[in-house]
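Open the model in your viewer and keep the sequence panel visible. This tour goes one selection at a time.

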Amino acid sequence: MGDGDTDHYCWRRPEDMTPSRRAYKVDAENPGSEVAAETAEAMAAMAIVFRETNPRYSHFISPINEQIRPSFRSY
């Protein structure tokens, strides 16, 4: 997860951005169940959308979603 203010301030490719870009994590010390739940929900929706047109990508996304789920249930 990143800082929306700094990420949206610059409309260049991430590779060309020079300002520092902070990243955050969700864990027991830094709870964020809403963000983790929204991320898992988006990944599940992507897996459904790509199931027929790109099954390989859909299968790639599904395990990642399963890894995120415990974060929003625990924190």
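The stops below run from the whole chain to single residues.

**Whole chain**

Start with everything selected, and remember that this is a predicted model. Colour by secondary structure. The protein chain shows three helices and zero strands. Read from the N terminus, the order is α-α-α.

Now switch on the surface. The protein chain exposes about 6,100 Å². Carbon and sulfur atoms supply 53% of that area. Of the 75 residues, 17% count as buried. Contacts also link distant parts of the sequence: among those with a separation of 6 or more, 42% join residues 24 or more positions apart.

**Helix H1 and Tyr9**

Select residues 4-9, which form helix H1. Tyr9 belongs to this helix. Is Tyr9 buried or exposed? Its relative accessibility is 71%, so Tyr9 counts as exposed, the cut-off being over 50%. Add Pro19 to the selection and draw a C-alpha to C-alpha distance. Tyr9 and Pro19 lie ten residues apart in sequence and 9.9 Å apart in space.

**The nonpolar core**

Hide the surface. Select Ala36, Ala40, Met43, Ala47, Ile61 and Ile68 and show their side chains. These six residues make up the largest nonpolar core. Which helices supply at least two residues each? They are H2, residues 33-49, and H3. H2 gives the most, with four residues. As background, nonpolar side chains tend to be buried together in soluble globular proteins.

**Ser58**

Move to helix H3, residues 55-74, and pick Ser58 there. With a relative accessibility of 4%, Ser58 is buried, because buried means under 20%. What does Ser58 touch, leaving out residues up to four places away in sequence? The partners are Ala47, Phe50 and Arg51. Ala47 was in your previous selection, as part of the largest nonpolar core. Phe50 leads to the last stop.

**The aromatic pair**

Keep Phe50 and add Tyr57. The structure holds one aromatic pair. The ring centres of Phe50 and Tyr57 are 5.2 Å apart and the planes meet at 85°, so the pair is edge-to-face; the cut-off for that label is over 60 degrees.

Bring the surface back for a final check. Are these two rings on residues that are buried, exposed or in between? Phe50 has 29% relative accessibility and counts as partly exposed. Tyr57, with a relative accessible area of 31%, is partly exposed too. Compare Ser58, which counts as buried and touches Phe50.

Note on methods. Residues are numbered from 1 along each chain as its sequence is written. This is a predicted model: local features need pLDDT of at least 70, side-chain atom pairs count only at pLDDT 80 or more; totals for chains, interfaces and linings use all residues. Side-chain values use heavy atoms; hydrogens and water are left out. Buried means under 20% relative accessible area, exposed over 50%, partly exposed in between (1.4 Å probe, protein chains only). Contact means heavy atoms within 4.5 Å. Accessible areas come from the Shrake-Rupley method with a 1.4 Å probe; for residues, only the protein chains shown count as cover. Rings of Phe, Tyr and Trp (its six-membered ring) pair if their centres lie within 6.5 Å; planes under 30 degrees apart count as stacked, over 60 as edge-to-face and the rest as tilted. A nonpolar core is a set of buried Ala, Val, Leu, Ile, Met, Phe, Trp, Tyr and Cys residues joined through side-chain atoms within 4.5 Å.
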